[in-house]
Amino acid sequence: MKRFLILCLAALSLEAPCLAAPTNATQERLDTVYYDKNWKCITTPAFASYYRVMAKTSDTTAAKPYRGFYHTGELQAEGEYISFDKDDDTKSVYDGDYEFFYKSGQTAEKGSWKDGKRTGEFITYNENGLMLKHLYYSEGELNGICTEFNEDGTTCVQTEYSNGQPSSDYYVMSNSAGQCSMISLTDGKPIYENPTPSDMQVEYLQDQPWMRLDKNGLSIGVNLDGWGTRISIIVVNNSMFPIDISSENVSLTFENAKKSFPVKVYSFSEMSQKLQKSQAWASVFNAVGETMAASQAGKSSSSTTTAWAGATGGIGYSGVAASATTSYNGAAAYQAKVIASDRISAYNNTLLAERQAQEADYLKKTTLQPGESISGYLYAKTNDIWKVKAGIFTIDVNINSVTYEYKWDLEYVKRRIKIYPVTE
């Protein structure tokens with residue numbers, strides 16, 4: 001008989017919901033509270049969608065464990081509380097770490113409380129295990145970088161908070177393909193900043209300098225040939241929005257100590273007409289010019305690429321936690337990258353990838369979608385520059401009311417113009 005009673009008690013202990021073992025002599029009993037589908041407290045278990053099993057003690061200041069369950073028995077939540085209000089759970093005081101679960105057992109939410117206020121890291125997940133929110137709290141207020149992902153985990157919005165309020169007037173949106181943009185919190189429109197001299201990078205290809213600016217999710221490289229007549233341009237759109245680029249976006253000026261004047265940039269249609277009228281231009285353009293004159297329909301070279309994008313701009317990470325399966329989850333890796341960086345996403349300054357702009361066609365108006373790039377060239381009317389002998393040649397590329405400025409120092413020596421990039 002004694003052996004039979006022991007076996008029965010063991011079986012009952014396996015079926016009943018378990019709470020942490022009593023930690024002190026003040027723990028007295030367990031209470032069960034039932035809820036409807038809207039988390040309103042009810043008294044009839046048969047109509048409950050959820051229920052909680054809560055440890056009760058006579059010490060009203062001590063943290064006590066609780067567990068929540070779906071009415072079908074699956075674990076829904078576990079954590080600790082100090083006081084509990086059956087009628088209004090927002091008045092309950094929770095303390096310590098907690099975790100919510102989907103019926104599948106997958107974590108839905110986890111975080112920490114301190115005397116009824118959220119503190120530290122707070123994360124929510126969808127049922128596939130991808131993060132939806134990654135927030136930080138201090139004394140119940142949002143603080144630090146708060147990140148929210150879309151359902152498939154490939155796009156995120158990041159806002160920096162201080163004492164519950166945004167630290168800036170914008171948030172940053174980025175995606176796993178490397179596109180990134182700042183967006184106004186007021187009107188939801190993209191924000192564009194003017195580049196500064198410190199943003200300028202100079203790279204060389206076959207001893208030819210390329211000046212490059214990375215700003216607002218755009219990377220724009222410019223090269224000027226040895227006679228100052230041909231401008232090669234590469235534009236990569238790593239923002240979240242489409243942009244338009246054409247010869248109309250480019251303006252030129254020349255100045256020295258004595259004078260300053262604009263320099264004409266030929267549009268695609270103007271160049272086509274000139275090629276028709278003058279065989280002399282064909283010798284300047286060589287085979288490329290002959291092709292344009294014959295076809296009348298040259299196109300700029302445009303392609304979808306992430307060669308300059310890398311991952312989310314400026315974000316590095318040390319590794320990704322091991323998975324239960326051997327499959328690679330790109331969205332999860334992207335999320336790990338974003339969170340591990342612990343900073344707002346920014347466009348990544350990477351090396352010039354497409355450098356053969358001189359092999360592209362004359363630049364004509366093109367809409368670049370996010371992730372697309374274009375390389376092309378333009379010709380300028382430089383007769384007056386050759387007469388002046390020396391000065392500063394400025395190339396302005398204007399996109400979305402922002403000017404990307406490239407300065408070149410030109411010097412006419414022994415019937416040839418020498419060109420040097422100006423970076424200060």
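**Entry 1: a salt bridge between neighbouring strands**

I began with Arg67, which is partly exposed, its relative accessible area being 26%. The model I am reading is a predicted one, a point I keep in mind for every value noted below. Looking up the partner of Arg67, I found a salt bridge with Glu78, in which the closest N and O atoms are 3.2 Å apart. Arg67 sits in strand β4 (residues 64-70) and Glu78 in strand β5 (residues 75-83), so this pair ties together parts that are eleven residues apart in sequence. Glu78 also counts as partly exposed, with 27% relative accessibility.

**Entry 2: other salt bridges**

How many salt bridges does the count come to? I get ten by the rule used here.

I then turned to Glu139 and Lys117, whose side chains meet in a salt bridge at 3.7 Å, N to O. Glu139 belongs to the loop between β11 (131-138) and β12 (141-142), while Lys117 belongs to strand β9 (residues 117-118), so the pair ties together parts that are 22 residues apart in sequence. On accessibility, Glu139 counts as exposed at 57%, whereas Lys117 counts as partly exposed at 41%.

Next I looked up Asp214, which forms a salt bridge with Arg212, the closest N and O atoms lying 2.7 Å apart. Are the two partners, Asp214 and Arg212, buried or exposed? I noted Asp214 as buried, with a relative accessible area of 8%, and Arg212 as buried too, at 3% relative accessibility. I also recorded that salt bridges with shared partners join Glu193, Asp199 and Lys215 into one network.

**Entry 3: the chain as a whole**

Stepping back, I counted five helices and 31 strands in the chain. Of its 424 residues, 42% are buried. I put the accessible surface of the chain at about 22,700 Å², with 49% of that surface belonging to carbon and sulfur atoms. For contacts between residues at least 6 apart in sequence, I noted that 47% join residues at least 24 apart.

**Entry 4: cavities**

Rolling a probe the size of a water molecule over the atoms shows where empty space is left. My search of the whole structure turned up two cavities of 30 Å³ or more, and I followed up the second largest cavity, which holds about 40 Å³ of space.

Which residues line the second largest cavity? I listed Asp31, Val33, Met54, Lys56, Tyr81, Phe84 and Lys86. Sorted by character, the residues of this lining divide into four nonpolar, no polar and three charged. As for where they come from, β1 (27-35) and β3 (50-57) each supply at least two residues of the lining.

**Entry 5: two single residues in strands**

I looked up Thr124 in strand β10 (residues 120-125), and found a relative accessible area of 12%, so I entered Thr124 as buried, under the 20% cut-off. Setting aside its neighbours within four places in sequence, I found Thr124 in contact with Ala108, Glu109, Leu130, Met131, Leu132 and Lys133.

Ser260 was my second choice, and this residue lies in strand β25 (residues 260-263). Ser260 is exposed, with a relative accessible area of 53%. With neighbours within four places in sequence again left aside, I recorded contacts of Ser260 with Phe254 and Glu255. I also noted the separation of Ser260 from Gly391, which is 9.2 Å in space, C-alpha to C-alpha, although the two are 131 residues apart in sequence.

**Entry 6: positive phi angles**

Most residues other than glycine have a negative phi. I therefore wrote down two residues that depart from this habit of the backbone.

Asn216 has a positive phi of about 60 degrees and is not a glycine. I placed Asn216 in the loop between β20 (208-215) and β21 (218-224), and its 13% relative accessibility counts as buried.

Ser401, likewise not a glycine, has a positive phi of about 65 degrees. Where does Ser401 have its place? I located Ser401 in the loop between β29 (390-399) and β30 (402-413), where its relative accessibility of 80% counts as exposed. In my closing note I set the two side by side: Asn216 is a buried loop residue, whereas Ser401 is an exposed one.

Note on methods:
Residues are numbered from 1 along each chain as its sequence is written. This is a predicted model: local features need pLDDT of at least 70, side-chain atom pairs count only at pLDDT 80 or more; totals for chains, interfaces and linings use all residues. Side-chain values use heavy atoms; hydrogens and water are left out. Helices (H or I, at least four residues) and strands (E, at least two) are DSSP runs, numbered from the N terminus. Buried means under 20% relative accessible area, exposed over 50%, partly exposed in between (1.4 Å probe, protein chains only). Contact means heavy atoms within 4.5 Å. Accessible areas come from the Shrake-Rupley method with a 1.4 Å probe; for residues, only the protein chains shown count as cover. A salt bridge is a side-chain nitrogen of Lys or Arg within 4 Å of a carboxyl oxygen of Asp or Glu. On a 1 Å grid over the protein atoms alone, a cavity is a set of points where a 1.4 Å probe fits but cannot get out, and a pocket is an open set with protein on both sides within 12 Å along at least five of seven lines; lining residues have an atom within 4 Å of a point. Grid points are joined across faces, edges and corners, and a volume is the space filled by probe spheres set on the points. Ala, Val, Leu, Ile, Met, Phe, Trp, Tyr, Cys and Pro count as nonpolar, Asp, Glu, Lys and Arg as charged, and the others, Gly among them, as polar.
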